[in-house]
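Reader: I should like to learn how the open and enclosed spaces of a protein model are read, and how the packing of two helices is described. May we work through an example together?

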Amino acid sequence: MSGMSVLDPPVGRHPEFNRVMHPDQNWIRVLRFVVGVLVLAALVQKTYDATLPGNDVDIAQLYSEFTVQSNLALGLVLVVSAARPRARLPWWWDRLFGALALYLVMTGIIYVVLVAPPGEPWWSVDLYWPQLVHHRLAPLFAALDWLLVTRTVRGRWWRPLAWLGYPAAFLIFSWVRGGIDGWYVYDFLDPTLDGGWGAALTTTAQVLAAFLVVAVLLHVAGNVRASLASPPERR
């Protein structure tokens with residue numbers, strides 16, 4: 001792969017396909033940069049809007065949202081990935097992409113199932129543009145990047161469980177914050193609504209189960225993608 005970083009372990013299968021999809025390819029770096037900047041620009045717009053009179057949330061509340069936190073991380077990671085060759089990034093960088101793919105895919109799913117206004121079709125693109133970027137474009141791009149860009153490192157069986165560390169911490173943070181100031185980032189986490197803690201915990205358990213299922217699917221898909229670039233290690 002002349003002019004591109006040699007991945008570790010190196011590519012040993014389908015060299016032409018993996019050369020085209022190599023993370024150092026200019027077209028991939030440009031696409032990551034464009035999407036990353038768009039994700040961050042949408043966040044800037046949301047931040048500005050949070051300062052306006054009559055907005056539903058203030059800046060502190062805005063940055064307490066899972067959607068905002070995960071999109072901020074994705075935007076920064078995409079811009080850095082576009083700016084630097086793969087060889088100059090940390091060894092764990094590809095693993096980070098898997099976690100972000102999970103968080104963004106779940107952001108899209110949770111929005112459709114639990115957060116979107118009643119009657120809004122899941123396929124609708126008639127949204128406030130930062131919401132369109134954060135709930136439609138970013139999840140789709142994160143998933144495609146994870147599934148298509150050349151990576152050669154496989155994850156161990158426990159990788160999906162490790163990915164759940166941040167969502168679990170987010171839940172605890174949200175309940176502690178809500179207990180202090182009475183504001184809960186999402187209605188399904190709010191034990192003061194109808195159903196109390198029973199309803200909140202039941203819905204939360206369902207959300208965590210969905211996280212685990214999607215995490216396992218992305219874990220397996222990531223390992224399959226790696227197998228298309230590098231043969232399994234012999235033990």
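Author: We may begin with a pocket. In this predicted model, helix α5 gives the largest share of the lining of the largest pocket, namely 5 residues.

Reader: Which other helices supply at least two residues of that lining?

Author: Alongside α5 (93-115), the helices that each supply at least two residues are α2 (26-50), α4 (66-83), α6 (129-148), α8 and α9.

Reader: How many residues line the largest pocket, and which lie nearest its centre?

Author: The lining consists of 32 residues, and those nearest the centre are Glu65, Val115, Gln131, Val185 and Tyr186. The space in this largest pocket amounts to about 820 Å³. When the lining is sorted by class, 21 residues are nonpolar, 6 are polar and 5 are charged.

Reader: What is the volume of the second largest pocket?

Author: The second largest pocket has a volume of about 380 Å³. It is lined by 16 residues, and Arg95, Val153, Arg154, Gly155 and Arg156 are the closest to its centre. Helix α7 (residues 159-163) contributes the most to this lining, with 3 residues. The classes here are 7 nonpolar, 3 polar and 6 charged residues.

Reader: Let us turn to cavities. How many of 30 Å³ or more does the structure hold?

Author: There are 2 cavities of 30 Å³ or more. The largest has a volume of about 60 Å³. Among its 14 lining residues, Pro23, Arg32, Arg86, Trp93 and Asp94 are the closest to its centre. The most is given to this lining by α5, with 3 residues.

Reader: Which residues line the second largest cavity?

Author: The second largest cavity is lined by Trp146, Arg151, Val153, Gly222, Arg225 and Ala226. About 50 Å³ of space lies within this cavity, and α9 gives the most to its lining, with 3 residues.

Reader: How, finally, is a pair of packed helices described?

Author: Such a pair is described by the angle between the two axes and by the distance between them. Here, the axes of α8 (residues 165-181) and α9 (residues 196-227) come within 11 Å and cross at roughly 160°. An angle over 145 degrees counts as roughly antiparallel, and α8 and α9 are therefore roughly antiparallel to each other. Their crossing is right-handed.

Reader: Which residues make the contact?

Author: From α8 come Pro167, Leu171 and Trp175, while α9 brings Trp197, Leu201, Thr204, Leu208 and Phe211. By class, this contact has 7 nonpolar residues, 1 polar residue and no charged residues.

Notes: Residues numbered from 1 in each chain as written. Predicted model: local features only at pLDDT ≥ 70, side-chain atom pairs only at ≥ 80, totals over all residues. Heavy atoms only, no water. Axes fitted to C-alpha atoms, helices over the stretch in contact; angles between N-to-C directions. Helix = DSSP H or I, 4+ residues; strand = E, 2+ residues; numbered from the N terminus. Parallel < 35°, antiparallel > 145°, perpendicular 65-115°, else oblique. Left-handed = near helix turned anticlockwise from the far one by under 90°. Contact = heavy atoms within 4.5 Å. Nonpolar A, V, L, I, M, F, W, Y, C, P; charged D, E, K, R; others polar. 1 Å grid on protein atoms, 1.4 Å probe; cavity = no way out; pocket = protein on both sides within 12 Å on 5 of 7 lines; lining within 4 Å. Points joined across faces, edges and corners; volume = space filled by probe spheres on them.
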